[in-house]
Structures are given as structure tokens and as C-alpha cells.
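Reader: Got a minute to walk me through this one? I'd like to hear about the helices and the sheet.

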Amino acid sequence: MAITLPELPFASNALEPYISANTLSFHHGKHHNAYVTNLNKLIEGTPFAGQDLEEIVKTSKEGIFNNAAQVYNHTFYWHCMKKGGGGKPTGKIAAKIDEAFGSFDKFVEEFKAAGATQFGSGWAWLVLDQGKLKITKTANADTPLAHGQKPLLTVDVWEHAYYLDFQNRRPDYLTAFVDHLINWDFVNSNL
Ligand code: MN
């Protein structure tokens, strides 16, 4: 069974004015879609054909890994956002963040710093690592799923994620993501 491009979990204009429908049309419709198309071409006739996406991410290398991980990371990223999201977390994650980072403000500072200091393309993450909350960053297509960590939250810091709306102001994109977009219900559901 081929890997398919999932629908966005919100309307294409739902994240405006922070992430525009124009950004999403390229980011989901072109970039994410291209990773799906490339992955299906690369796995055709290999033992990876018919495996589920997470299995492919955990066991593949190089070209197949890069495309599979990008398909996985993008699908995960869309679910990390919602209209009217962001701000202080609710649910179980709120207490866990206070316990791990001291306060929500400290978490925000560290999460934004991870995204701002990822050199070039990549991702900032909140993960569970051996049961503990950690902030990490990965380069290019790399993903915590390939390193035995459980992803809870991610933000895409490739330029294609923010350049049409924020140009080179990656820190402003990160602030908008944290203040207005994070879907804490999804983060809680990953715990
Ligand atoms: Mn992207």
C-alpha cells in the first residue's frame, strides 16, 4: 500500500495571520507532497513497500530515510498547531513542563532557543526520552523517532515553513508558534 499525503487537520486559512494559506499551499501541497511522491518511488519493489511509515523511519537510511522522516515530521507538525492555540498548556503536560523546566516561561525560552539556534534546516522538539521531558533539535530530515525518543511537539524551522510570512525573522515565527498556534490537546494525546 502506498504512503499517502494526509489532509491538513484544519482549513488552509485557519492559522492566519501567523501562517498564511499561501505558505500552507506550498508547504503542504508542494513540499510535503513531494516527500510522499519521492518516498513511494524509492520504496517501490523494496522490502519497505507495504511497511507502515514509522517502521520505515526507524529502519531505513539515506534517501528513503530522508523522505520517510520528512513525511512523518510534517504530518506530526500539522497536528501540533490549531486555530486559537498557543499560550499556557492545559492538561497533564502543564505539570510535567513545570517539573522538567521549572516553569512554562523557562520551557518557552529553551524551546525557542532550540529553534532559533538550529543552524540551517531542521526541527525543534519536545520529546519524552526514557520517560523524561527534553527539548531537542534535529537537522534536515532527522527525527527523534529514529533515536528512541517519543515526539510530543515539533516546530519546522526550514525556511519554507516561515519565509513567505516572516522572511528571515525566524525568532518571530517561533514566538507566533508558541503564543498562538501550539495544539496542547495533541501534545497531551502524545504523552
Ligand atoms: Mn517543512
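Author: Sure, let's start with helix 6 (residues 159-166) and helix 7 (residues 170-181), which pack at about 95° with their axes 9 Å apart. Helices here are DSSP runs of H or I with at least four residues, strands are E runs of at least two, and both are numbered from the N terminus. Axes are lines fitted to C-alpha atoms, for helices over the stretch in contact, and angles run from 0 to 180 degrees between N-to-C directions.

Reader: So are helix 6 and helix 7 roughly parallel or perpendicular?

Author: Roughly perpendicular, therefore, a label that covers 65 to 115 degrees.

Reader: Which residues make the contact?

Author: Ala161, Tyr162 and Phe166 of helix 6 meet Arg170, Asp172, Tyr173 and Ala176 of helix 7, with contact meaning heavy atoms within 4.5 Å.

Reader: Before I go on, what kind of model is it?

Author: A predicted one: local features need pLDDT of at least 70 and side-chain atom pairs pLDDT 80 or more, while totals for chains, interfaces and linings use all residues. Residues are numbered from 1 along each chain as its sequence is written, and side-chain values use heavy atoms, leaving out hydrogens and water.

Reader: OK, the sheet. What's the strand order?

Author: It's an open sheet of three strands, ordered 2-1-3 with antiparallel pairing; strands pair if DSSP finds at least two bridges between them. Strand 2 (132-139) and strand 3 (150-156) are the edges, each pairing on one side only.

Reader: How many bridges link strand 1 and strand 3?

Author: Six, with strand 1 spanning residues 122-129. Trp123, for example, has Asp156 in strand 3 as its bridge partner.

Reader: And what packs on the sheet?

Author: Helix 4 (residues 92-101), touching strand 1, strand 2 and strand 3, with its direction at about 80° to that of strand 2.

Key. Parallel < 35°, antiparallel > 145°, perpendicular 65-115°, else oblique.
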